[in-house]
Amino acid sequence: MMPINYNLLILATIFGNFWIWRVLKENIIVGIFLVILSLLLFNQVTKVQKKQLVALVIVFTILSIFILKSSFDQNIFITSAEEQSLQNTRHRFYAAELGPLFTNKLSLHFYKDVSWSINKLERNLFNNLDINLYFFGSHPRERAGIGEFDKYPWILLPFFLVGLFLEIKNRYIVIAIYLIAASLISMFSSLLYPLGPVLFFPLINAVIAHGLIYCFRQKKNKMEGLKL
Amino acid sequence: MSIRQVGILGAILLLSLLVRLYKLDTIPFGLNIDEASMGYNAYSLLQTGKDRYGEAFPVIFRSFGSFQAPLYTYFTVPAIFLFGANIFAVHLVSALSGFIVVCATFLIGYLGLKQNFRQTIVITIVVAFTPWSILFTRFATEASLGLALFVFSIPFFILSLRKIYFFIPASFFLGLATHAYYSERVISVIFFIGFIFLFLKKLLMNKKWLICGICVFVATLLPHMAIFGSGAFSRRLEQVNYFSEATFLEQGGNLRNFPFGKSMYIAREFSSQYLAYFSPRNLFFDPDPQGARSIPDLSVFYSWMVTPFFIGIYYLFKKRSLPINKILILVVLISPIPASLTRDPFYTIRTLDYLWSISFIIGIGIYNLLTKIHYFYFKVGLILTFLFFSITIFYVSYFVLFKYERAENFGYSYIKLFEFIEQNKNFSQKNFVIDTSRELGAGVRMAFLKKYDPLKLQQTLKPKVGNMYYGSVEFVEEYALDNIEVRPIFWKGDVYKEQILVGDSLAISEGQIKEHKLKLEFEIKDLTDRVSLKGYSTNPKEKQESDRMKNIF
C-alpha cells in the first residue's frame, strides 16, 4: 500500500470544501490567512513546535483583529425596537410575579442593561458551536434572516467525529485552547458576517484531517495484517 | 449508606417531588389537546369502561386523526378517581413519573458507580433539576411515563449482571415502556438487543434466565401485534417521517437529479437530524422550536452545563469499561434515533431518554470537575454560585415567562371562557357555538372540564368511527355538550339561529360582524391581557331582513 502523505491530506481537506472557495472569492487575504492558520494548527496537534506555535498565535491574532474590525456585532449592546417591546411586556410579568425582588434598582439595571447583552453573547457563542452549521448549513434548524450556506460536504462528517473523539481522548491542549480562543472572539462577531465564523475553519480542518489520518492508518494496518 | 447520607438523599428526593407538585394545577394553566384527550378518555373509562369513542379498554387510544400510547391514560384513571376530573389529576402521572426517574437515577448511579455516594448525588441533582426534567414532568405527556419505565428498568439490568434473575423484571419494565410512548418502541428494542450483545458472555453463563428474560420481553410486545396491520401502529410515524416520494420531491433539492438521490437525501436528512441532538446550540441555548414544549429563553439544559458536558464525555470514554458507562454510551447513541426519523427539528419530547443520559453525563462531568478543586471554600462558593444562578434562571423562565407566554398553548382562554359561561347566569342557559378552526382540542377540553357524560359523547362519536377504531379514518370531531357546540362556525346556517358565536379575531372578522348583524356580548382576555376570544350574539330577524333587502336591490 502507498504511504500516506499527511501534508497532501490536510491540503485536500483545506481546499476540498465549499467554504474556503467562498472566502477566497470574497476576501482573498482572509482566505490566505486561513490556509496558513490551518497548516500551522494541524502541525501543532500531535507535537507542539515552539516557532510554529508563535507563528500560529501571531496569525490568529491578526486574523481576529481583522474579523472583529469588519464584523463586530453592534447589536450586542443595542436594543432594537422589537426587543424593546418584548422587554417592556416581560417587565410587566416580572413586576407582577416578583414584586420588589424585580423592581429594585439593581435588578432593573441587570434586566435592562446586562441580561440582554449576555443573552446575545451566548447566542453568538452557541450558534458557532453548532456542528450542523458547518456540515448541513444549519439544517434542520436554519436561522431566520441569516444566509445559510454549506461549508463542508457532509460526507466528511464521520471523519470529523472520529477526529473529535481523538482530540477529546488524547486531550490535545493546543486544539482545546484554540477552540476556546476562537469561541470567545467569535462571540463578538456578527452572525450576519457573510463569510461565517471563519476562525473555526482551521480547527475543523485539523480535526477532519486528524480523523482522516486515523482512518487511513487503521485501513493500512488492516491491509498489512492481511498480507502477514 | 450512613444516616447522614440517607438524610441528604431524602431531602433531595423530597425537593424534587415538591418542584414537580408545586402549583401543578396552575402552571401550566390548562390542558393541551393531548392532555385533554387523555384526561377525558381516563374519565370515560372510569365511568363506563370505554373511551370517548365507545371502545372498551383499547390497546392504543384514538385521538382525533392520530393515536396515543395507552399507559398514560390507564394510569390517569386512578388519579381521576382520587382527585376528580381536573387539571391536577391529569398532570399527576407525569409528575410522579419524573419523581420515579429521579429515584431510579440514584439507584443506577449507586449500583453502577461502585456505591460512590457523592458522585451519585451530583448526578441525581442534575437529573432532578435540569430544565427539561422539570418541564416535561409538569404537564401530561406519555413521554415522561415512557422515560420513567425505561430508566426504571436500568437498575435491574445492572443488577442482572450480578444476579441474573434480575433480567426478568428488567425485561418486563423495558417491554412495558413500549406501551408508554412511541419513541420507546424503537429505543427499548434496540437497547434490549444492544444490552445482550454488550454483556453476552456474562449473560450466557446462565442461558435459562437469559431465554426467560427474552420471552418476557417478547410477551410484553405481543399487544402491539394486535394492531400491527391496522394502521394505528405506524400512523404517527407516517404523519411525521420524511421517507415519502412527495417529501423528497419537495425538499430533495439537487439530489433529485442524482441516481440514488432519494437514498442520499434520506441519509443526509437522518444525519442532520441525528447530529442536531448533539449540537451545543440546541442543548444549551436555543429552546425547542415548538412553543408548547419549551421554556421561553431556556433550552433543555442551563448554558453553563456545556463545560461539564464535555468533561463528562471525556470521563465516560476514559472509563468506558465500566458496565454503567457502556450502558450510558448505548443509550446516548440509540435514543435520538426515533426522533431523527421524523422531520421535526430538535423535537425534545421524543428524546427524553437521550436528555436523561446527557444529564447523567453532565453529572459525571460536574463531579469530576469538583474533585479537581481542592480548596474547600472555593468549591463551596462555586457550587452556591451555580445553584443560585440556575434556580434564578429557572424560576424566572418557567414560573414567570412560561406561565404567561405559554398559557395559550394549554388552552387558557378556553378554560376562562368555560368558567365565564358557567358562572354567568345571563349566558349559562343560552346556546353557544365555539369555533375550533385554530384550537382542535377545545371540544374535548371543554367536555373534560364540564365532566360531560361519557355515554352521551360516545353516542355521538362512536357512529363516526364505526368498526374502524384502529383504522386511518379521519373525520371532523364535533362536540355538542348540552347548550355548547364546539366546532367550526358555519356562516350559512349559524347566523340564522339565536345563539352566541365565540371565536378569535380571525374566526370572526369585522366584515362578518357587520354582514351578519352580530352584537358583541363579551371578551375573554389571555394571561398577557390581550383579548383572545370574543362572543357575539346573532340576530336572526335582522339578518333575514337584511338578506331580504339585499335580494330586492
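This is a short walk through chain B of the model, from the whole chain down to one sheet. Keep in mind that the model is predicted.

**Whole chain.** Start by selecting chain B and colouring by secondary structure: you should find 27 helices and eight strands. Line the view up with the principal axes, and the C-alpha atoms fill a box of roughly 90 × 55 × 55 Å. The radius of gyration is 26 Å, which agrees with the value near 24 Å that a compact globule of 553 residues would have. Now colour by burial: 47% of the 553 residues count as buried. If you like contact maps, take the contacts between residues at least 6 apart in sequence; 74% of these join residues at least 24 apart.

**Where chain A comes in.** Bring chain A back on screen and pick out the contact, with 24 residues from chain B and 22 residues from chain A. On the chain B side, show helices H14 (261–276), H15 (280–284), H16 (306–318) and H20 (376–405), the elements that give two or more residues each. Which of them gives the most? That's H14(B), with six residues. Colour this side of chain B by residue class and you'll get 15 nonpolar, seven polar and two charged residues.

**Two domains.** Hide chain A and give the domains of chain B their own colours: domain 1 is 3–30 + 86–405, and domain 2 is 411–552. Their C-alpha centres lie 40 Å apart. Zoom in on where they touch, and you have eight residues of domain 1 of chain B in contact with eight residues of domain 2 of chain B. The domain 1 side of that patch divides into four nonpolar, three polar and one charged.

**The sheet.** Next, select the open sheet of six strands in chain B and trace its order, S4-S5-S3-S6-S8-S7, with mixed pairing. At the edges stand S4 (479–481) and S7 (519–525) of chain B; each has a single partner strand, so one side of each is left without a neighbour in the sheet. Look along the sheet for its twist: neighbouring strands are turned by 20° against each other on average, direction ignored.

Go to the S4 edge. S4(B) pairs with S5 (484–486) of chain B in the antiparallel sense, over three bridges. Show side chains here to see Leu481(B) standing opposite Ile484(B) in S5(B).

Last stop: helix H21 (412–423) of chain B, which packs on the sheet. Its contacts are with S3 (432–434), S6 (500–503), S7 and S8 (531–537) of chain B, and the direction of H21 makes about 125° with that of S7(B).

Definitions and conventions. Residues are numbered from 1 along each chain as its sequence is written. Chains are lettered from A and ligands numbered from 1 in the order in which they are written. This is a predicted model: local features need pLDDT of at least 70, side-chain atom pairs count only at pLDDT 80 or more; totals for chains, interfaces and linings use all residues. Helices (H or I, at least four residues) and strands (E, at least two) are DSSP runs, numbered from the N terminus. The radius of gyration is taken over C-alpha atoms; the globule rule is 2.2 Å times the number of residues to the power 0.38. A residue is buried if 20 or more other C-beta atoms lie within 10 Å of its own, exposed if 12 or fewer, and partly exposed in between; C-beta atoms are placed from the backbone. Two residues are in contact if their C-beta atoms, placed from the backbone, lie within 7 Å. Ala, Val, Leu, Ile, Met, Phe, Trp, Tyr, Cys and Pro count as nonpolar, Asp, Glu, Lys and Arg as charged, and the others, Gly among them, as polar. Domain bounds come from an automatic or database domain assignment. Two strands pair if DSSP finds at least two bridges between them. Axes are lines fitted to C-alpha atoms, for helices over the stretch in contact, and angles run from 0 to 180 degrees between N-to-C directions.
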